[in-house]
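Here's a quick, friendly tour for anyone meeting this structure for the first time. Have a look at it before reading on.

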Amino acid sequence: MIALSLAEIAAVVGGQTHDIPDPSVRVTGPVVRDSREVVPGSLFAAFVGERVDGHDFAPQVVEAGAVAVLASRPVGVPAIVVEDVQSALGALARHVVARLGATLVALTGSAGKTSTKDLIAQVLSTKAPTVFTPGSFNNEIGLPLTALTATEETRFLVLEMGARGIGHIRYLTGLTPPRIGVVLNVGSAHIGEFGGREQIAQAKGEIIEGLPEDGAAILNADDPLVRAMAPRTKAKVVLFGESAEADVRAENVRLTDTGQPSFRLHTPSGAADVTMRLYGEHHVSNALAAAAVAHELGMSAEEIATALSGAGSLSRWRMEVTERPDGVTIVNDAYNANPESMRAALRALVAMGKGRRTWAVLGKMAELGDEALAEHDAVGRLAVRLNVSKLVAVGGIEASWLQLGAYNEGSWGEESVHVSDAQAAIDLLRSELRPGDVVLVKASRSVGLEGVAAALLETGAEGEVAAR
């Protein structure tokens, strides 16, 4: 964070100083909410959680070097006491962002937010110092904490914004007002909470409503609900996609033999070829969104293409591809799942597995509401249509719908199986995998299928795979 005195911070957040001998002492380190992340010069934000109260760690964090605690009550050590720590954190982020003068890029969408954010950050970092959201740190607490990591040297601030209801993104853009707003897509993620795709579109479009006239709204030309958001902003509208009407578009899209997308990138300033290190055709749309942002910030087509071709995955469990010593390839995409990302992952699996046996180890897609049965059934059927060699559906009733969809689509019998939990999936795969197989592991985060991928990689390292 930019250096601020405790007196300045107290004034910004409307707080009272307690047990602070010298209010001119400055915070020179990061603002953190996890006591394990405290370093000398930090400000520790004490949140009260369901199981842990951050105020209880106040003496510990000060001993570790924190300058003070941002708290909702006195804690016996230097503290700035406020009515609400979350609101104070947001006010501090708003103040710091306004002082920085960095260009703020905000993005949202039903699928691909984190991967696209990582791409934007990697492309822009080739031009100037860039700070960006770590992982999916995209809510009312994570977003201001990310913004507060920016310093005087930061030129680009790339923030992912999530929403679970109308007004959530409007609140986040009020904390960190973007100059460039990106909407990737409107899908089925959280449809059970929102009530329908139109409501999701209403929420996602909030990200462009407050853009300044000299800003840019980056919208997906291939998604009708996103494209229809254009009248909701006074900023310049830039369309990306494979549509001929897109300002930034891809032509000659194909997948390499290893499942990595290659295409000709067209921007208003020129064209260049891109071959990505990431896996799956769905990353083409993500790359085009990143390219549109970079173009608006002055990068040439050649610079953008070079940066996209060199960009990798920065966030865990998102199409992480690892080949075991015995030739089995594990694709760990277990961070989260929705119908759109499931379909994209299955297509990537098939592209990677040409001439090899392919396994789809899938679990529940959460928060689909009344659409849950139909969507799980459809994913199971798609696995059959794509000729995935074997589906392993893991978990409860949603997994049974996956397996039933596969069975009904192709009378799969032995080609699809429903197992009760992750351990049962591990046991099955350990007994049946053979060298050369490709295994996709994917489900909503709550299912915990990343443990399946980890166990299979440990098995490969130990050389305990059956070869038959």
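## A serine and its surroundings

Leaving aside residues up to four places away in sequence, Ser 341 touches Asn 336 and Lys 442. Keep in mind that this is a predicted model. Ser 341 sits in helix H13, which covers residues 339-352. Is Ser 341 buried or exposed? With a relative accessible area of 17%, Ser 341 counts as buried, because the cut-off for that is under 20%.

Now for the sheet. Six strands make up an open sheet with mixed pairing, in the order S17-S18-S22-S19-S20-S21. At the edges are strand S17 (320-323) and strand S21 (416-419); each has a single partner strand, so one side of each has no neighbour in the sheet. On average, neighbouring strands here are turned by 15° against each other, direction ignored.

Strand S20 (residues 390-394) pairs with S21 in the parallel sense, over four bridges. Val 394 has Val 419 in S21 as its bridge partner. Helix H16 (residues 422-432) packs on the sheet and touches S19, S20 and S21, its direction making about 155° with that of S20. As for H13, that helix lies across S17, strand S18 (329-332), S19 and strand S22 (438-442), and runs at about 170° to S22.

Finally, a pair of backbone oddities. Most residues other than glycine have a negative phi, but these two have a positive one:

| Residue | Phi | Loop between | Relative accessible area |
|---|---|---|---|
| Asp 19 | about 55° | strand S2 (16-18) and strand S3 (26-27) | 46%, partly exposed |
| Glu 367 | near 60° | strand S19 (358-363) and helix H14 (372-385) | 28%, partly exposed |

Technical notes: Residues numbered from 1 in each chain as written. Predicted model: local features only at pLDDT ≥ 70, side-chain atom pairs only at ≥ 80, totals over all residues. Heavy atoms only, no water. Helix = DSSP H or I, 4+ residues; strand = E, 2+ residues; numbered from the N terminus. Buried < 20%, exposed > 50% of the residue type's maximum accessible area, 1.4 Å probe, protein only. Contact = heavy atoms within 4.5 Å. Pairing = 2+ DSSP bridges. Axes fitted to C-alpha atoms, helices over the stretch in contact; angles between N-to-C directions.
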